Amino acid sequence: MNIQTAPSAADDQAMLDAIGKWLDQKVAPVATRMELDDVYPTELVEDMKELGLFGALIDPEYGGLGLSSTTYTRIIARISEEWMSLTGVLNSHLMMALIVQRYGTDAQKTYWLPRFATGELRGGLGLTEPDAGTDLQAVRTVAKRVGDTYVVNGAKMWITNCIEGDVLALLVKTDINAQPRHHGMSMLIVPKINVETREPLPGVKVGRKLKKLGYRGIDTGEIAFEDYECPADLCLVGGEEGKGFYMATGGLELGRINIAARGVGIARRALQEAIKYSQIRKTMGKLICEHQAIQLKLGEMAAKTKAAELLVEDAARAFDTGVRVDMEAGMAKWFASETALEVATEAMRIFGGNGYSQEYPIERLYRDAPLLCIGEGTNEMQRIIIARQLIARSKA
């Protein structure tokens, strides 16, 4: 089934079935090997183009599927059950696309979104720098306007899709003296290539692919800009300087919901594997699922996984209304990511020595899960955001 030509994007179950079939037939046979070898999944990315997934959240008028965030998070959770890295290829791209869709000028939407929807141009969100992770206002990448052009200088790191992708939504300083600092920040759409000829553009230098504990295969890397030039009319999102910080934090709302959905996928798979293994492994003359100690673990793992699912659904529904969802996204991200780490760890304990072996998927789930507690804003910061929103909303 080609999702892009499906008669109705509302047919969620048909879509999930198609993705499940693809995961079973194409992803499952290669995921373990590609993850261990840290190989970029080129053919699987092409499959995702054919499925229309790079346009999942892009409006149909621009060639996208126009899915609800609820449907999208279900897709992300399902893919994460098989191989979480693939969801990073999608989500970083869609965070970039939604910044253009939400804040771009009509001309920018018409130019960029159809290319994003088909996957002709793929990309990500360029926020993080060596001294600017959670503290986005500390970015040092600078864009200076010279006539109708911006000249960009600076470097980003831990950027998904910066090596294999074509374009980034780049958070920059356009006024280094602005106070408060975020008033001097803008968002640029910066292609690495000439969109028409696909020739490399001068001023862009892609660095190394970073080695990671988990989340392998996907290209998490470094990128630098040296006197890089881009036209202001197409590249300054919204056509107005000083709005970049709010665009970035708005994009991170989707990122945090995505992280939470990944956590649901990892927790689900770890729970499934633990239940299955507990029904075949014997100790002391009986199946380990009959031991109360194992039952206690499984019961808690199942309840927390279900709670994570519900928090993700709540955040996704809120996101679809178009309002700011810092608190809902933060709750979902914090709880689901911590649940993923806890459930993966408990599953490894249930597996015993076999859980530590590459013969089973548990060790990969165990390595992937910690990223979720760090990425798109640490869980420590999520709790602060939740508390601040609680206080602010109670005053309102």
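This is a short walk through three helix pairs and a handful of loop residues in the structure above. Keep in mind as we go that the model is predicted.

Let's start with helix α1, which covers residues 12-37. This helix is not straight: at V27 there is a kink of about 55 degrees, shortly before the proline P29. Just past the end of α1, D38 has a positive phi of about 55 degrees. Beyond that comes helix α2, residues 42-50, which packs against α1 with the axes 11 Å apart and an angle of about 165 degrees between them. Since angles over 145 degrees count as roughly antiparallel, α1 is therefore roughly antiparallel to α2. The crossing of α1 past α2 is left-handed. If you would like to display the contact, pick W22, K26, V27 and V30 on the α1 side, and L44, D47 and M48 on the α2 side. Sorted by class, this contact has five nonpolar residues, two charged ones and no polar ones. Notice that V27 turns up twice here, as the site of the kink and as a member of the contact with α2.

The next pair is helix α3 (residues 69-82) with helix α8 (residues 292-320), whose axes are 8 Å apart at an angle of about 140 degrees. Is this pair antiparallel or oblique? The cut-off for roughly antiparallel is over 145 degrees, so α3 counts as oblique to α8. From α3, the residues S69, T70, T73 and R74 meet V312, E313, A316, R317, F319 and D320 of α8. The make-up by class is three nonpolar, three polar and four charged residues.

A third pair is formed by helix α7 (residues 244-278) and helix α10 (residues 362-374), with axes that come within 10 Å and cross at roughly 155 degrees. That angle is over the 145-degree cut-off, so α7 and α10 are roughly antiparallel to each other. Here too the handedness is defined: α7 passes α10 in a left-handed crossing. On α7 the contact uses I259, R262, G263, I266, R269, A270 and E273, and on α10 it uses I362, L365, D368, A369, L371 and L372. Eight of these residues are nonpolar, one is polar and four are charged.

Now for the loops between strands. P130 sits between β1 (123-126) and β2 (142-146), and P130 counts as exposed because its relative accessibility is 62%. Although 26 residues separate P130 from K156 in sequence, their C-alpha atoms are 7.5 Å apart in space.

Another proline, P180, belongs to the loop between β4 (167-173) and β5 (185-191). The peptide bond that joins Q179 and P180 is cis, with omega at about -5 degrees.

Following the chain onward, R198 lies in the loop between β5 and β6 (204-209). R198 has a positive phi, near 65 degrees, despite being a residue other than glycine. With a relative accessible area of 40%, R198 is partly exposed.

The loop from β6 to β7 (220-231) holds Y215, which is not a glycine either and has a positive phi of about 55 degrees. Is Y215 buried or exposed? Its relative accessibility is 6%, so Y215 counts as buried.

Technical notes: Residues numbered from 1 in each chain as written. Predicted model: local features only at pLDDT ≥ 70, side-chain atom pairs only at ≥ 80, totals over all residues. Heavy atoms only, no water. Bend = angle between axes of the 7 residues up to and from the residue. Helix = DSSP H or I, 4+ residues; strand = E, 2+ residues; numbered from the N terminus. Axes fitted to C-alpha atoms, helices over the stretch in contact; angles between N-to-C directions. Parallel < 35°, antiparallel > 145°, perpendicular 65-115°, else oblique. Left-handed = near helix turned anticlockwise from the far one by under 90°. Contact = heavy atoms within 4.5 Å. Nonpolar A, V, L, I, M, F, W, Y, C, P; charged D, E, K, R; others polar. Buried < 20%, exposed > 50% of the residue type's maximum accessible area, 1.4 Å probe, protein only.
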